[in-house]
Amino acid sequence: MRIRCFSIEGIFFENEDKCVFDFVDEDTALATLSDGMGGLSLGQEAAEVISSAIRTYIFDNINKIDNKCSLLISALHYADNELHKVSLSNRSNMGAAVAVALVWQSTLFYTWQGNVRLYMYSNGRLNCLSKDHILNIGYGRTALSRCLKGAGLRDDIPSLTHSVNKGDRIFLCSDGFYNSYQSVLSLHSFDDIKSRVVNPEDDASLIGIYC
């Protein structure tokens with residue numbers, strides 16, 4: 001299993017995406033992608049706090065919590081609490097969308113809040129595994145209906161599983177990537193995918209897990 005990543009700053013604003021990935025062991029991989037919310041303060045810091053907190057919680061508890069879906073949900077709550085502390089310290093409203101993928105014993109466990117997406121490329125087909133948490137607020141504009149912003153989370157957090165086979169590819173990507181470049185996820189080479197991302201309008205971030 002291999003993990004590749006890139007995060008390319010958009011042409012209008014500083015990069016507020018944060019990618020974190022690591023291996024628990026040679027057969028267990030974790031990836032988290034957070035996208036700081038536009039319209040709130042310190043988006044880059046919010047994304048960093050959330051991604052780092054999720055990694056810390058999962059690494060500390062992966063051998064203590066048998067139900068890995070529950071593990072991911074608890075990690076989101078932990079990250080939301082950590083963001084609450086930072087928000088109070090900075091006296092700022094902070095938030096981010098996030099997606100988390102844990103590959104463990106040939107199974108993908110995943111969760112998300114907001115519009116960071118998870119895709120799987122398997123048997124020649126690309127499928128989106130997540131569903132955006134967004135609302136149409138009129139005049140062609142949308143807003144997140146869920147995110148982490150240090151204010152508590154709803155009870156019905158999605159936490160799902162998918163079987164993983166050798167040769168499958170799992171992708172986590174921010175909206176700055178998939179809104180313009182979703183079609184290139186079918187390319188075999190990660191370097192080829194990255195080469196297609198040129199001067200994106202919004203931050204374009206991608207984590208690829210190659211099983």
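This passage describes the nonpolar cores, a nonpolar surface patch and a buried polar residue in a predicted model.

The largest nonpolar core comprises 26 residues, among which Ile50, Ile54, Ile58, Leu76 and Val100 touch the most other members. The elements that each supply two or more residues to this core are helix H1 (43-61), helix H2 (68-90) and strand S4 (96-104), and of these H2 gives the most, with 8 residues. When residues up to four places away in sequence are left out of the count, Val100 touches Leu30, Ala31, Thr32, Ile54, Ile58, Leu72, Leu76, Phe109, Tyr110, Thr111, Leu118 and Leu172. A second core, separate from the one just described, consists of 21 residues, including Ile3, Val103, Leu129 and Ile209.

On the surface, Ile11, Phe12 and Phe13 make a nonpolar patch of about 390 Å². One of these residues, Phe13, is situated in the loop that lies between strand S1 (2-8) and strand S2 (17-25). Phe13 is classed as exposed because its relative accessibility is 66%, the cut-off for this class being over 50%.

A polar residue in helix H1 was also examined, namely Asn61. Asn61 has a relative accessible area of 15% and is therefore buried, given that the term applies to values under 20%. The side chain of Asn61 reaches the backbone oxygen of Tyr57, with a distance of 2.8 Å.

How values were computed
Residues numbered from 1 in each chain as written. Predicted model: local features only at pLDDT ≥ 70, side-chain atom pairs only at ≥ 80, totals over all residues. Heavy atoms only, no water. Core = buried A, V, L, I, M, F, W, Y, C linked by side-chain atoms within 4.5 Å. Buried < 20%, exposed > 50% of the residue type's maximum accessible area, 1.4 Å probe, protein only. Helix = DSSP H or I, 4+ residues; strand = E, 2+ residues; numbered from the N terminus. Contact = heavy atoms within 4.5 Å. Patch = residues over 30% accessible without salt bridge, like charges linked within 9 Å, V, L, I, M, F, W, Y side chains within 5 Å. Areas by Shrake-Rupley, 256 points an atom, 1.4 Å probe, with all protein chains shown as cover. Salt bridge = Lys/Arg side-chain N within 4 Å of Asp/Glu carboxyl O. Polar contact = N/O pair within 3.5 Å; in protein donor to acceptor, adjacent residues only side chain to side chain.
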